[in-house]
Amino acid sequence: MNIKELYQEIILEHGKNPRNLRKTDNFNKDAKGNNPLCGDNVHIYLKLDKKKKVEDISFEGSGCAISMASASIMTDLMKGKEEPEVKEIVNDFLGMIKENPELESKNLKDDEKTRLMCLSGVKQYPMRVKCATLSWHTLISAIDNAQEEINTEKLD
Ligand code: ZN
């Protein structure tokens, strides 16, 4: 099995059995996102503790395997991270999906980087990039209390 096949395997597995596909009890931040081109919808729920650390994060939604796998991998990875770390990781991930060859964040452990790199295969496909980044843009909207539904057609 080559690395590309391994990445696909992990995405399919997360797509079939998404982690954290539920609604967090007593969440204190949330946001919705929509990718109309593919029909992906997510609703991200966050519970930050007093120190702004992610106590819980979850999502509800439906869509293609890539959008669900991305939300699954993201929510798994963000648990226990502090708000500034979350933002930094989101920026790093978006940079990698768009142009950077590698992830550079010091807030990511090697195994976490490997899990995120599974999504790097979408780079060549602009339509799929929207699927992979939907939940990430939506997470930032939740953290910033933007109160605005993310629409991938209205992002750069
Ligand atoms: Zn999609």
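In the predicted model, helix α2 contacts helix α4 through Ile73, Asp76 and Leu77, whose counterparts in α4 are Glu112, Arg115 and Leu116. By class, this contact comprises three nonpolar and three charged residues, with no polar ones. Helix α2 spans residues 65-78 and helix α4 residues 110-117; their axes come within 10 Å and cross at roughly 165°. Because angles over 145 degrees count as roughly antiparallel, α2 and α4 are assigned to that category. The crossing of the pair is left-handed.

Helix α2 also packs against helix α5, which covers residues 126-143; here the axes come within 8 Å and the crossing angle is roughly 35°. The crossing of α2 with α5 is right-handed. On the α2 side, the contact is formed by Ile66, Ser67, Ser70, Ala71, Met74 and Met78, and on the α5 side by Arg128, Cys131, Ala132, Ser135, Trp136 and Leu139. Sorted by class, the α2 and α5 contact holds eight nonpolar, three polar and one charged residues.

A further contact of α2 involves helix α1. The axes of α1 and α2 come within 7 Å, with a crossing angle of roughly 85°. Since angles of 65 to 115 degrees count as roughly perpendicular, α1 and α2 are described in that way. From α1, the residues Ile11, His14 and Gly15 take part, and they meet Ala65, Ile66, Met68, Ala69, Ser72, Ile73 and Asp76 of α2. The residues of this contact divide into six nonpolar, three polar and one charged. Ile73 and Asp76 are thus listed in the contact of α2 with α1 and also in that with α4, while Ile66 is listed in the contacts with α1 and with α5.

The model contains a zinc ion, for which the protein donors are the SG atoms of Cys38, Cys64 and Cys131 together with two OD entries from Asp40, at 2.2 to 2.8 Å from the ion. Along the sequence, the donor residues follow the spacing C-x1-D-x23-C-x66-C. Cys131 is a zinc donor and is also among the α5 residues that meet α2. Two of the donor residues may be characterised by accessibility. Asp40 has a relative accessible area of 1% and is buried, whereas Cys38, with a relative accessible area of 29%, is partly exposed.

Backbone geometry was examined at two loop positions. Asn26, which is not a glycine, has a positive phi of about 50°. This residue lies in the loop between α1 (3-16) and β1 (29-35). With a relative accessible area of 63%, Asn26 is exposed. Lys52 likewise is a residue other than glycine with a positive phi, in this case near 65°. Lys52 is located in the loop between β2 (40-48) and β3 (54-62). Its relative accessibility of 45% places Lys52 in the partly exposed class.

Towards the N terminus, Asn2 occupies the segment before α1. Asn2 is partly exposed, at 42% relative accessibility. The C-alpha atoms of Asn2 and Lys23 are separated by 36 Å, the two residues being 21 residues apart along the chain.

How values were computed. Residues numbered from 1 in each chain as written. Predicted model: local features only at pLDDT ≥ 70, side-chain atom pairs only at ≥ 80, totals over all residues. Heavy atoms only, no water. Axes fitted to C-alpha atoms, helices over the stretch in contact; angles between N-to-C directions. Helix = DSSP H or I, 4+ residues; strand = E, 2+ residues; numbered from the N terminus. Parallel < 35°, antiparallel > 145°, perpendicular 65-115°, else oblique. Left-handed = near helix turned anticlockwise from the far one by under 90°. Contact = heavy atoms within 4.5 Å. Nonpolar A, V, L, I, M, F, W, Y, C, P; charged D, E, K, R; others polar. Donors = N, O, S within 2.8 Å, 3.2 Å for Na, K, Ca; no water. Buried < 20%, exposed > 50% of the residue type's maximum accessible area, 1.4 Å probe, protein only.
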